[in-house]
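Notebook open, coffee poured. Here is what I looked up today, in the order I got to it.

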Amino acid sequence: MDLYLKGTGIIYTGEIPPMQLRRMGKAVRIGIAAAKECMKQSGIERPDAISVGTAMGCLEDTDNFLQKMVSQGEQMLTPTAFIQSTHNTVAGTIAMLTGCNGHNLTYVQRGHSFEHAMINAQLYLDEHPGEKMLVGGIDELTGTSQAVLQHARIYRLENSDPATLLTSSEAGSIAGEGVAFFTVAGSKQEGLNLHIKDISAFVTKDITVAVSKLSDFMSHNGISPEDIDLVVLGVSGDERTSVFYRKLQLSTFANQSQAAFKHLSGEYGTASALGLGLIMHAANHNHLPEAMVVNHPPKKLERILLINNYAHYYSYWNISVLR
Amino acid sequence: MKEKAFVVGTGIITAIGNDTESCKASLMAGRSNIGKPEFLQTHWRDEIPVAEVKLSNKELAALTGADEQWPRTALLSAVAVKEAWAPFKDKMRGLRVGFFSANTVGGMDLTESYYGQFQKDRNDVDFSKLANHECGAVTEIVAGLFGFSDFVTTVSTACSSSANSIMMATQMIANGMIDVAVAGGADSLSRFTLNGFNTLMILDRQPCQPFDNNRRGLNLGEGAAYIVLMSEKAMQQCGATAVCTVSGYANNNDAYHQTASSPEGTGNKLAMLNAMKTAGVSPKDIDYINLHGTGTANNDSSEGKAIEAVFNGYLPKASSTKAYTGHTLGAAGAVEAVFSYIAIRDGIVYPNLRWQTQMEDISWQPVTELQTGQDINHVLSNSFGFGGNCSSLVFSKS
């Protein structure tokens, strides 16, 4: 894989602006805002193609329509919420607003939705060299989704501030939401780029498999921990994976600079996109925000690993910063 | 050098048949199945006809050994995967297999039945009713049933979803990322979609009449369909024979409106032209178009005009099969991929059922009589949807 990312628009839990655009659910609103910021940063007005990942889609509108349908016995319903509830609404709305007639895909594979949107970018850009694709990951949180995911033990029964994630290990993580978009090309774009060299995305409920997949990934990419300037971890405070992250922190990457991000955003299906967005942000400023530092700040930002999981969905990202 | 993706098998379940050959028999006999639902519990039961699969969840589950508590979309998906996969499942040693599915409703059928109770008391919850709500969860449990793990994904681009899952599978075989793919999609009827489409006032109160001047709207359907794609190497290993390849594909966006097509069918034109371009064929090479042809005033008019523009001077045989199966949404692209496969394999062009009156705003008409003994080398299959998503696939005889 060779993908070159420029610019990012990120919005996450606690930073979501109030309703600005009428008749749009939260996901569509923050999706458009992040896509616009990303395009501004990367200096494009219209992408050639769009690829989006969303684990849950447009929940607020789904909830709205469902609520009325059930309480009104399928009568006196209006179409707006239904129209906005389809999973491809964010990608379709960006296409409409930018006049992008190109390729447009939406992936909904739980914790791999964003990863598959990236793999799709690779497939598309291989066939369309020179084009630029807007790629993003987005999920919104609603009262209903939080309640359901608490029953699933994805989220803790007692939801609290995500800041406590790094120091606690319990049944489940803390609820979050967010979006990150990137302008992606198949060759180096002008200015600073994140070069994605490889992504390993796999599903396992056994953390020994996750550990061995990481060593496979590193040897396949010809990297050892000493080569890494920064490892960004999707540590989520969930006791099912805390052993995994503890091993990485105390052993595999004990001597490397470690960063985390879910204590800022909380957990959600496409949080890996936000992790990547924060890496882009750090690279652009050549400085890792204090709030992300776990042990000590990196000496330089050139070789970065992103290691994430959402429930049993894992992904590992081999990233280089090109200036 | 890119690998070709050969189509070596199919699996399908729709209102007109529980497998490939029974669907073919219904298509040949001009037999649709649009009427009152038996299983979908809705206020609109007597007013809005649908194309329902006439098997209960329990009966569907019994066909595959799936859990009858699964969402109906997963149960339908498993039936179609089982048919497609049966000839090959024991011959996969050393081959990388991808499962590319698509749907739009996920586990909504269970969620909507349980939602009222859930909102009343969020502490006393039967979580099994909500556990598979996500579109990706439906794919995950079906993948688990058949042991697919090398690559498992779900596309959700409304009515074009499963055309796009077939496109991605083709690309990953072409690039050598996998050897074998089971690609397609599934969707069950749900009150959510029925009521949603009803608010848009595009549901026909009678059996639909695609591409007829007096068309009144679409009928919703349900079903699942998958095609098995293989690289040449994989085909040799398991002794499979191909009927056709997925030779062309394109995905474009109309960028016009969230639910309506642009009057001139901008996205439709681009998808058809780009799909033929990737296939390396020109409009005169296309022997048959399986139309998107939902039966709504807007959809058929846009698609009709786009075809007129793209096939200027050479209009191939064309028909919509949605008058048989209803619009199966996330499954539609794959259902029609299976019909395209049969068209090539058996030299058949299906009649566009219930067509009576020439549309005023286009100059061509769909095929209205069954045609057999045809030499069909290239089929173009259209799938256009909400969000401006427009996809076309080209299947070429191998």
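Burial came up before anything else: I found that 65% of the 398 residues of chain B count as buried. I should jot down right away that this is a predicted model.

Next I checked the overall build of chain B. I counted 12 helices and 10 strands in it. Its radius of gyration is 20 Å, and the globule rule gives 21 Å for 398 residues, so chain B is as compact as a globular protein of that length. The C-alpha trace of chain B spans about 65 × 50 × 40 Å along its principal axes. I also looked at contacts between residues at least 6 apart in sequence: in chain B, 79% of these join residues at least 24 apart.

Then I turned to the domains. Chain B is divided into domain 1, residues 6-237, and domain 2, residues 247-397. I got 21 Å between the centres of the two domains of chain B, taken over C-alpha atoms. How many residues does each domain put into the contact? Domain 1 of chain B gives 59 and domain 2 of chain B gives 54. On the domain 1 side, strand E1 (6-14), helix H1 (20-29), H6, strand E4 (180-187) and strand E5 (223-230) of chain B each supply at least two residues. H6(B) gives the most to that side, with 7 residues. I sorted the residues on this side of domain 1 of chain B too: 28 are nonpolar, 25 polar and 6 charged.

Chain A was my next stop. I found 49 residues of chain B in contact with 42 residues of chain A. Several elements of chain B each supply at least two residues of the side that touches chain A, including helix H4 (108-120), helix H6 (161-174), strand E6 (244-253) and helix H9 (266-279). The residues on this side of chain B come out as 18 nonpolar, 26 polar and 5 charged.

Last, I picked one residue to poke at: Asn290(B), which lies in strand E7 (residues 288-290) of chain B. Is Asn290(B) buried or exposed? It has 27 C-beta neighbours inside 10 Å, and the cut-off for buried is 20 or more, so Asn290(B) counts as buried. I left aside its neighbours within four places in sequence and listed the contacts of Asn290(B); among them are Thr321(B), Glu336(B), Phe339(B) and Val379(B). I also noted that Asn290(B) and Gly333(B) are 43 residues apart in sequence and 9.9 Å apart in space, C-alpha to C-alpha.

Key
Residues numbered from 1 in each chain as written. Chains lettered and ligands numbered in written order. Predicted model: local features only at pLDDT ≥ 70, side-chain atom pairs only at ≥ 80, totals over all residues. Contact = placed C-beta atoms within 7 Å. Helix = DSSP H or I, 4+ residues; strand = E, 2+ residues; numbered from the N terminus. Nonpolar A, V, L, I, M, F, W, Y, C, P; charged D, E, K, R; others polar. Domains from an automatic or database assignment. Rg over C-alpha atoms; globule rule 2.2 N^0.38 Å. Buried ≥ 20, exposed ≤ 12 C-beta atoms within 10 Å, placed from the backbone.
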